[in-house]
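Let's take a walk through a protein together, one piece at a time. Keep the picture beside you and look for each part as we come to it.

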Amino acid sequence: MNINPLVIPIFIPHSGCPHQCAFCNQSIITDKVKTRITEQCKSRYKSPKATLPSQEQIRQEVDRFLEYKGSRQEVQLAFFGGNFLGLEPDDISLLLSYAQDLVNENKINSIRFSTRPDTITRESLELIAPYPVSTVEIGVQSMNDTVLKMAQRGHTAKDTIKAASLLKLYKSKIQPTNQIFETGMQIMVGLLGDNDETALDTAQKITSLEPDFVRIYPLIVLEGSLIAKWYRQGTYKPMSLDSCVKLVKEMFLIFQKHNIPVVRMGLQSSDLLQDKASMLAGPWHPAFGHLVYSELFFDKVLELVHKKIAMAGICPDTEKVGSCNTNLDRHVSEIILTVHPSSLSRLRGDKNHNIKRLKDIYPSTEFQIRTDASLDKHEIM
Ligand code: SF4
C-alpha cells in the first residue's frame, strides 16, 4: 500500500450516478468543498446537482493542498463523491487529462477515484489505462442482494465479484510497467435489512475478493436522502453507536485476519456532518474509528489480564475472560499496562471509558498506565 500519501479530494457530488441511492446525499457530505471548487461549473447528468470542476478549479485546489504536503512523498488527486466511471467517456478522459497535466508538472504522482461496481467493465478500464490511475475504490456497500435492493443500489453482489476480477486482470496487465495499482472496497453497515449476520457475511465475502484495503462506513441518516423519509415514517431504525462500534470491530477482526488493511472506519469529520440539521440520526461520532480501536484494546487487556491470572493459578477457568473479579481482587492489588505512546488514548478509551470499565470488573485492583516507545503500536504489556 502507498504509505500515507497526500490525497487531494476533488468532489464531484452525484456526477455519473444513475440515480440517488437510498442512504446517499453527497451534496451534504461534500457541500463546503463543492461550493469552493464548483462555483462556475456546468450542470449535467441525471441529477440536477451533478457538476464537474474545471481544470482551473482543480489546479487551485491542488495548489492549496500542496502547502500541506510536508514530508510526504506521494500525492494523489482523488475524484470522490460520485460515480466516476459512470460519467460520459469524454468527461472521464477530460478529467483524467487535467490530472495527467499535473503529473507532468510533478505536482501530483497519481490519480484515484471511487465508482460503482457495475461501472467496472473492460471498456471503462481500457479508457483509464493510458492514465496514471493508482487506486480505484468500489462502493460495494453490501454483498447481500436483499440489502442492496432495499438500499436501491441498482446492482447486485455479482457485479462486485465481476468488478473485482476485472480489476485483478487489469492490475496484472499494468504490473510490468511498475505502476502501482490498488483496489479499495467501501462497505456500509446499518442499511435497511442488514444485521450483524449479513454484515459479517459481507466482510467474509469481501476478503475472498482480496481488495488492497477497505473502508467501513456506518449509515448516518442524512437530510435529503430517501432513508431520511423512511426514518421519519418510522420504517427505518438506525443502529445505536454502541452496537455499531461492536459490529465494526468484528468486521475489522475479519479483515485483520486476512491481512486486509481497514483504512477508515466512520465518516470523515466535517463541519457539516456536525450540523444537526443535516444529520438526522445514526451512529455518528467524530472519532468513530478511535472508538473501534479502543474496543479492540479493551478486549486485549481483558484477555491479557485473564491469561496472567489463569497462569498464576488464581483462576483456572481460561474461558471466563473478565468474569473472575473476586479472585483477582483478592490476589492482585495493582496491574500496570504498558503501550506505545501513540496507543495511549486507545487504551484509555473515549473519556477514559476503558479504565472505568476495568474498574467496574476489578473494583479493588489499581490500574496504572505507562508508555514505552519500543513497543509495537498494537502491543500491550
Ligand atoms: S452512493 Fe454512490 S452511486 Fe449512489 S447516489 Fe451516492 S454517490 Fe451516487
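Five bridges link strand E3 to strand E4 (residues 133–141), and the two run parallel. Keep in mind that this is a predicted model, so treat the picture as a computed one. Along this pair, you can pick out some partners that face each other. Ile111 stands opposite Val133 in E4, Ser114 has Glu137 in E4 as its bridge partner, and Thr115 stands opposite Ile138 in E4. What does the chain pass through on the way from E3 to E4? The chain crosses through helix H5 (residues 122–128), and this β-α-β crossover is right-handed.

Now look at the other neighbour of E3. Strand E2 (residues 75–80) pairs with E3 over four bridges, again in the parallel sense. Here Leu77 has Ile111 in E3 as its bridge partner. Between E2 and E3 the chain crosses through helix H4 (residues 89–104), and this β-α-β crossover is right-handed.

Let's stay with E3 a moment longer. In a regular strand, side chains alternate between the two faces of the sheet. In E3, Ser110, Arg112 and Ser114 point one way, while Ile111, Phe113 and Thr115 point the other way. Are these residues buried or exposed? All of them are buried. Because six of the six residues of E3 (residues 110–115) are buried, the strand is largely enclosed by the rest of the structure.

Strand E4 tells a similar story. Eight of the nine residues of E4 are buried, so E4 too is largely enclosed by the rest of the structure. On from there, six bridges join E4 to strand E5 (residues 182–189), and these strands run parallel. One pair to find is Thr135 and its bridge partner in E5, Glu182.

Time to step back and see the sheet as a whole. Strands of a sheet pair through backbone hydrogen bonds, either parallel or antiparallel. In this model, seven strands form an open sheet in the order E1-E2-E3-E4-E5-E6-E8, and the pairing is parallel. Which strands are at the edges? They are strand E1 (6–11) and strand E8 (262–265), each of which pairs on one side only. From one strand to the next, the twist averages 20 degrees.

The loops are worth a visit too. Glu210 sits in the loop between helix H8 (196–209) and strand E6 (213–218). Its phi is near 50 degrees, a positive value in a residue other than glycine. Glu210 is partly exposed, since 13 other C-beta atoms lie within 10 Å. Asn259 is found in the loop between helix H10 (241–257) and E8, and its phi, near 55 degrees, is also a positive value in a residue other than glycine. With 8 other C-beta atoms within 10 Å, Asn259 is exposed.

Next, find the ligand. Which residues are around it? They are His14, Cys17, Gln20, Cys21, Cys24, Gln26, Gly82, Asn83, Arg116 and Gly139. This shell divides into three nonpolar residues, six polar ones and one charged one.

Another place to stop is Phe298, in helix H11 (residues 288–311). Is Phe298 buried or exposed? With 21 other C-beta atoms within 10 Å, Phe298 is buried. Leaving aside neighbours within four places in sequence, Phe298 is in contact with Gly349, Asn354 and Arg357. Take Arg357: Phe298 and Arg357 are 59 residues apart in sequence, yet their C-alpha atoms are 8.8 Å apart in space.

Finally, zoom out to the full protein chain. There are 14 helices and 11 strands in the protein chain. Of its 381 residues, 40% count as buried. Among contacts in the protein chain with a separation of 6 or more, 75% come from residues 24 or more positions apart. The contact between Phe298 and Arg357 gives you one example to look for, with their positions 59 residues apart in sequence.

Key:
Residues are numbered from 1 along each chain as its sequence is written. This is a predicted model: local features need pLDDT of at least 70, side-chain atom pairs count only at pLDDT 80 or more; totals for chains, interfaces and linings use all residues. A residue is near a molecule or strand if its C-beta atom, placed from the backbone, lies within 6 Å of it. Ala, Val, Leu, Ile, Met, Phe, Trp, Tyr, Cys and Pro count as nonpolar, Asp, Glu, Lys and Arg as charged, and the others, Gly among them, as polar. A residue is buried if 20 or more other C-beta atoms lie within 10 Å of its own, exposed if 12 or fewer, and partly exposed in between; C-beta atoms are placed from the backbone. Two strands pair if DSSP finds at least two bridges between them. A crossover is right-handed if, with the strands pointing away from the viewer, the path from the first strand over the helix to the second runs clockwise. Axes are lines fitted to C-alpha atoms, for helices over the stretch in contact, and angles run from 0 to 180 degrees between N-to-C directions. Two residues are in contact if their C-beta atoms, placed from the backbone, lie within 7 Å.
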